[in-house]
Amino acid sequence: MTSQAASQDPACIFCKIAAGQIPAHKVYEDDQVLAFLDVGPLARGHVLIIPRSHYETLDQMPAETAAACLRVAPRLSRAVLQATGAKAYNLLQNNGRLAHQEVNHVHFHIIPKTEHGGLGIVWPAGKLDPDDAQTLRQQITQAMQADA
Ligand code: AMP
């Protein structure tokens with residue numbers, strides 16, 4: 001999928017936060033990126049990183065914008081760990097309603113994980129079939145080359 005031009009969606013709640021039209025508990029901002037506390041935290045210190053521009057899903061973002069979001073993630077993660085005292089955390093990024101994306105503006109969750117709080121994960125691991133692995137490897141590498 002190709003990258004879409006940088007834009008704002010007037011109906012998008014995260015665009016409104018980026019534009020300063022509705023309040024948020026900001027913890028970081030630069031010219032491309034904003035980070036703020038999640039209003040429905042899975043754990044204390046749950047933070048969201050968003051691009052200022054509106055893209056619905058990660059695959060629609062220019063690489064530079066995705067890089068700008070993740071460039072701040074290590075530093076912000078350290079700050080969240082220090083502030084909360086948590087020793088572990090999950091970086092989560094949902095794409096599409098089926099994958100639990102509720103806000104259609106790309107965002108990266110930093111979610112502290114403690115004994116009693118944080119992200120709960122069901123991980124129904126299968127077993128990679130060797131023939132299917134060959135097929136997938138071919139299909140994905142070809143798609144990568146076509147999208148270079
Ligand atoms: P997702 O399910 O990945 O789309 O997550 C969306 C997240 O955005 C949820 O954790 C919400 O609690 C959070 N959220 C929604 N509206 C706001 C808001 N106005 N300020 C901060 N966080 C929000």
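This text goes through a predicted model of one chain with a ligand, from the overall fold to the ligand site and its pocket.

The chain holds four helices and five strands. Following the sequence from its start, these elements come in the pattern α-β-β-β-α-α-β-β-α. The C-alpha trace spans about 50 × 40 × 25 Å along its principal axes. Three of the elements return below: the helix α1, at residues 13-18, the strand β2, at residues 33-37, and the strand β5, at residues 108-113.

The ligand is a convenient place to look next. Around the ligand there are 16 residues. Those that come nearest are D38, H100, E102, H107 and H109. Sorted by class, the shell around the ligand is made up of eight nonpolar, six polar and two charged residues.

Several polar contacts can be located in the model. D38 has a polar side-chain atom 2.5 Å from an oxygen atom of the ligand. In N94, a side-chain N or O atom is 3.0 Å from a ligand oxygen atom. G40 takes part through its backbone, where a polar atom lies 3.4 Å from an oxygen atom of the ligand. How much of the ligand does the protein bury? On its own the ligand exposes 510 Å², and 82% of that is buried by the protein.

Two elements give two or more residues to this shell, namely α1 and β2. The largest contribution is that of α1, which supplies three residues.

The surrounding space can also be described without reference to individual contacts. The ligand takes up the space of the largest pocket. This pocket has a volume of about 520 Å³, and 28 residues line it. Nearest the centre of the pocket lie D38, H46, L48, H107 and H109. D38, H107 and H109 are also among the residues that come nearest the ligand.

Which elements supply at least two residues each to the lining of the largest pocket? They are α1, β2 and β5. Here too α1 gives the most, with three residues. The lining consists of 17 nonpolar, nine polar and two charged residues.

To look at the site in the structure, one can begin at D38, whose side chain has a polar atom 2.5 Å from a ligand oxygen and which is listed with the residues nearest the pocket centre. From there, α1 can be found at residues 13-18, the helix that gives the most both to the shell and to the pocket lining.

Terms used. Residues numbered from 1 in each chain as written. Predicted model: local features only at pLDDT ≥ 70, side-chain atom pairs only at ≥ 80, totals over all residues. Heavy atoms only, no water. Near = heavy atom within 4 Å. Polar contact = N/O pair within 3.5 Å; in protein donor to acceptor, adjacent residues only side chain to side chain. Areas by Shrake-Rupley, 256 points an atom, 1.4 Å probe, with all protein chains shown as cover. 1 Å grid on protein atoms, 1.4 Å probe; cavity = no way out; pocket = protein on both sides within 12 Å on 5 of 7 lines; lining within 4 Å. Sits in = over half its atoms within 2 Å of the grid points. Nonpolar A, V, L, I, M, F, W, Y, C, P; charged D, E, K, R; others polar. Points joined across faces, edges and corners; volume = space filled by probe spheres on them.
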